[in-house]
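Let's take a walk through a protein fold together, one piece at a time. Keep the picture at hand as you read.

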Amino acid sequence: MALQPQRPVCCRGTVSANSHLGIRSVLGLFSRSSLRFQEVTRISATPRMLGSSGYSKRQPRRGLIPMTKASNPRGFAPRPQAGTSIRKKDQNKVDEKEVSGSSSSSKHTLSSSGLTDRRVAGEAQTAEVDSSSRRIPSTVGKRRLDVLGETEQKSVAGDEIDQQNFAHRPSDDTCDAETDGQIAEIGNGGDGIGLRSQRVAVDHGDKEIGREAMTEQFSESGKEMVSVKDQIGRNTIAESMAIAGEKETKVAVSESNLDIIGVDEPPEAQDGIVYTTTDIQEALVKLKADMDARAHKQLVENLADQNFSRGNKVFVVPQIVNPDQVIKVFLNRSSSALANETDVLIKGAYNGWRWKFFTEKLQKADIKGDWWSCQIYVPKEAYRVDYVFFNGANTYENNNSEDFFLPVEGGMDEVAFEDFLLEEEHKKLKKLAAEQAEKERQAEEQRRKEAEKVASEADRAQAKAEVEKKKHGFNHVMKLASNSGHHVCHIEPSLFKGGDRVRLYYNRSCRPLSHAAEIWIHGGCNNWDEGLSIIEKLSQSEKRDGDWWFADVAVPGRALVLDWVLADGPPGKAVVYDNNNLQDFHAMVPESIPEELFWVEEENQIYRKFQEDRRSKEEAIHKTTEKTVRMKAETKERTMKLFLLSQKHIVYTEPIDVRAGRMVTVFYNPYHTVLNGKPEVWFQCSFNRWNHRNGPLPPQKMVPAENGSHLKATVKVPLDAYMMDFVFSERENGGIYDNRNGMDYHIPVIGGVAKEPPMHIVHIAVEMAPIAKVGGLGDVVTSLSRAVQDLGHTVDVVLPKYDCMNLSNVKDLHQRNSFAWGETDISVWFGRVEGLPVYFLEPKNGMFSVGCIYGRSDDGHRFGFFCHAALEFLLQSGFRPDILHCHDWSSAPVAWLFKEHYIYYGLSNARVIFTIHNLEFGVHNIGRAMTYADKATTVSQTYSREVAGNPTISPHLHKFHGIVNGIDPHIWDPYNDQFIPVPYTPENVVEGKKAAKEALQQRLGLKTSDHPLVGIITRLTVQKGIHLIKHAVWRTLERNGQVVLLGSAPDPRIQNDFANLASQLHSSHGDRVRFCLTYDESLSHLIYAGADFILVPSIFEPCGLTQLIAMRYGSIPVVRRTGGLYDTVFDVDNDKERAQAQGLEPNGFSFDGADSAGVDYALDRAISAWFDARGWFYWLCKRVMEQDWSWNRPALDYMELYHSARNKTS
């Protein structure tokens, strides 16, 4: 059978024989300097012939896979090397490198895709053909056939060299061998041209750029071409053209890539086929893809054989798994528990089954054996892949219940993944918060619209009612207008309408104004609806039938009826009036708008006015509320910073605000601690109340800070931290600790993804403001509970249900249930007081239906019963509180009843906190509670020191703490106080207090003058220093001041004594002193606002709230230095350093001793400052208002105490 030349299927064109060839560089792989080639890429062209029956007689074709020398077909012999510009010894070196490189690269590696991209050692860089399409003349084609035939003969000799090179390759390089022999076939008519690209090794200086790196560079730049490694000794295109006698082609070698350029257009186009370089490139790319696919398949089959022979039922490709990569998982079904299953699926997740679950179905793999496979994407967050196989139902192959897993290299580790999860949680929380905020905004907008609708309907109804009321009065006026006589008044012309100008005549004969020198009209319209709108002076008329006077007036536009009276002068100066015998004068407007239309317009006008007034009020309330919230937030922020800096002389952080995910430096000064003088100080730190998932940080030796007095240590705060906890020690592993007297150091962390779990606190007390208040205990229970609740914790209050209780301040009061205890039934009522949930216990034995809270001989028995009933209620109701907080002697039994009985039952989780408000009462109960309580407090630090020597307290000083009480900023708020004339803030304190002082002076009948005013608000007892109060009153009067006293005495003798003093002073100094010997809530607010000074000369004062309220209203406290007064008032002359140590400024005047000289020392300085330094005094008023004496800071201290008690081992 004859051989028939056929056109190849892979290419449609080739380069013209007459083309000028050059090599164009593509920048980016090498620099231009110091480049030299050790080998030059060559392209040889060989004819392609289809096989026939006589093919064996013809010249043999070179196979795709090189054969050994022994098996060479006839005609294959070593080919002499074509001439190049490189010396033969250099080529030999390159050959040696190539052989050694091939031997060392026997391992199969995969690209980042993990599927088909496999780099083969010795793979050549590609030359790109970049020329325009050209037509090849037929004459050139014929000549080329001759040349190609000649070239092929020369190339046959080179095959022997190829075979020798391949003979030295290991058997594992089968895929390489397959790749090396590939021929790209192109043709023109019957021509076939085989293009071979030979490897290029580029030496840049002394460093050879590896072939894999070069291939990767080409791949990344998007210029992938077929790289077919061939042997040295092949003819380049230039050499082939030279042999054919064609024009020599210029070859330019680039630094980075090889690209054929400069193909000239032939002199004239001949009939034939157009071939483009794009066609060549596409063919080469397809060829490369085919070779890679075969190589990859061979790799997979090898791995399958190896794993099967080792008894492995699973393997993956690539064998090294990287993140952000697609891998292929293979399962040998016959070796697994799914051998008889039709469907095989994989189910998995990442990082210990914690991240992104997936399920994929496996397909039969195109390799020998019962292998099934599927592709899995490995995300960039993965450090391991966990998976099992199953049949889609309940049959699993799970590696003998241990699951399969793959380590992922080069990505996150477990710690980094935990941080990533926290970041994701943070994003999720932020998204949820934004969504919740949007929902709340929309709900608020909906509520606003509904409220506006209801209010608008109410405005419309009120407008209708107002119109009906006006109609009734208007009908009466219309009757009067129709009966008006023209002999006294008349109007010309008789027909007129609104907006016209008319002349009104008045006959004063026999009228009240008959002798008036002037006559004025005071008029309006529509029953004086719009007030006085017509004022004109009348002139005397020439009419002769009476004493007529007239005035030209403008008729109001909407007038139905004109109304007027006459007077002897203009408004404000008139004395005599003619008002038509108290009925006024009226005249109908003949051509007015229809009455029905008038009333419609009138209703709309009234409706609009109601709306404007209402919205104006709402806007004012909204602005006030916004400002109140803003000021409250700003105050809280300032207080938190003061809290963080309260021990700056010992410890502080930079930055002050510790943020999650950031670095923080802790500064520590051991001088004032137990570690003073120690050669080393170690920093021991953890997070989240020592319960962080990663445990404590390794101890860190502190180093000197730049300021010289402090040591420092720096740590990174985890993203899931909400609290930073630390102590200091003298050694790495212990020794002496500075742990803040057992409380440890704690600093809140902001911006974290985790929030502190809320605690559950239950107050068991017998007082609660404002429903059952006798003294300060009731204020503390309510205010402390609200402040702790505002911090995000759960607070409940248990209280007796007194029959004398003020239930008007209890919202939603209802009976919840009842239980039996103590031989009686106890009803449980529930309601809310000041936003707090309160449970009221009402025993049916009538124990608290006695008309009072205190004062009975059986108070101890009654309150002991209540404490036991409260614990029983908590137990039977299933409460599990963290903290039981009891107060004073009255609820002290809770401490020992809990520890002796209820701790062994369901309340075992609780800790007991006991607070002493006043040690003067119930000492026995207080002492017993101190023994059983986990922590105990009193209401100020100084008072805790003052009572430390008491035998009831002294054995328990290790758990005894002083925490200053606060005031309720909602009750005592000069910006929202209904009892003072002008609301004020620190910005307008002077104006606000001036208005309040004038109102106070007017209310009490004092002289309204600019004098210093001293206020005294107190119970009149010996404890409160009544002898000092009397002296202060006389001293203030001597200094030309005013005094207001509000208070009463439980002792009748003291009450009578002050009543007599009041009578004396009211007689002698009635315009400068006033005693109000009772309690008046509204007056107390006005005194706090209107007084310049508030006097508190207590002999002892556990805490005291009077001085705190005074400063809230900008009044300057004058106090005796004792208990809580000393802790809260810092003398302007003597306590600057003490105030600064607490982050405060001096805020008042104080004195020692309990005699008149001490009072004079403080009071004289205060009054002198008022007279002599008024500007400074006003500045002091502003400063004390800005200090936060609310429960913001005490609540933080109590939470520290609660947590410390929770960490205590029972």
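What follows visits a buried strand, a sheet and two pairs of helices. Keep in mind that this is a predicted model.

Let's begin with strand β26, residues 561-567. Seven of its seven residues are buried, so β26 is largely enclosed by the rest of the structure. You can check this face by face: V561, D563, V565 and A567 are buried on one side, while L562, W564 and L566 are buried on the other.

Which strands pair with β26? Strand β22 (residues 520-525) does so in the antiparallel sense, over six bridges. Within β26, D563 has G524 standing opposite. Strand β28 (residues 585-588) is also an antiparallel partner of β26, with four bridges, and here W564 stands opposite F585. Strand β27 (residues 577-578) runs antiparallel to β26 too, joined to it by two bridges; the bridge partner of L566 in β27 is D578. As a general point, strands of a sheet pair through backbone hydrogen bonds, either parallel or antiparallel.

Now look at an open sheet built from four strands, in the order β29-β31-β35-β34, with antiparallel pairing. Its edges are β29 (651-654) and β34 (703-704), each of which pairs on one side only. Following the order inward from β29, we find β31 (residues 663-668), and these two strands share four bridges in the antiparallel sense. One bridge links V651 with Y668 in β31.

Next come the helices. Two packed helices are described by the angle between their axes and the distance between the axes. Take α9 (residues 595-645) and α25 (residues 1192-1207): their axes come within 9 Å and cross at roughly 50°. That angle makes α9 oblique to α25, and the crossing is right-handed. On the α9 side, T635, K636, T639, M640, L642 and F643 take part, meeting N1192, R1193, L1196, D1197 and E1200 of α25. By class, this contact has four nonpolar, three polar and four charged residues.

How do the axes of α16 (residues 989-1004) and α19 (residues 1081-1090) cross? They come within 8 Å, at roughly 130°. These helices are therefore oblique to each other, and α16 passes α19 in a left-handed crossing. The α16 residues in the contact are K993, A996, K997, A999, L1000, R1003 and L1004, which meet S1082, L1083, L1086, I1087, Y1088, A1089 and G1090 in α19. This contact divides into nine nonpolar, two polar and three charged residues.

Definitions and conventions
Residues numbered from 1 in each chain as written. Predicted model: local features only at pLDDT ≥ 70, side-chain atom pairs only at ≥ 80, totals over all residues. Heavy atoms only, no water. Axes fitted to C-alpha atoms, helices over the stretch in contact; angles between N-to-C directions. Parallel < 35°, antiparallel > 145°, perpendicular 65-115°, else oblique. Left-handed = near helix turned anticlockwise from the far one by under 90°. Contact = heavy atoms within 4.5 Å. Nonpolar A, V, L, I, M, F, W, Y, C, P; charged D, E, K, R; others polar. Pairing = 2+ DSSP bridges. Buried < 20%, exposed > 50% of the residue type's maximum accessible area, 1.4 Å probe, protein only.
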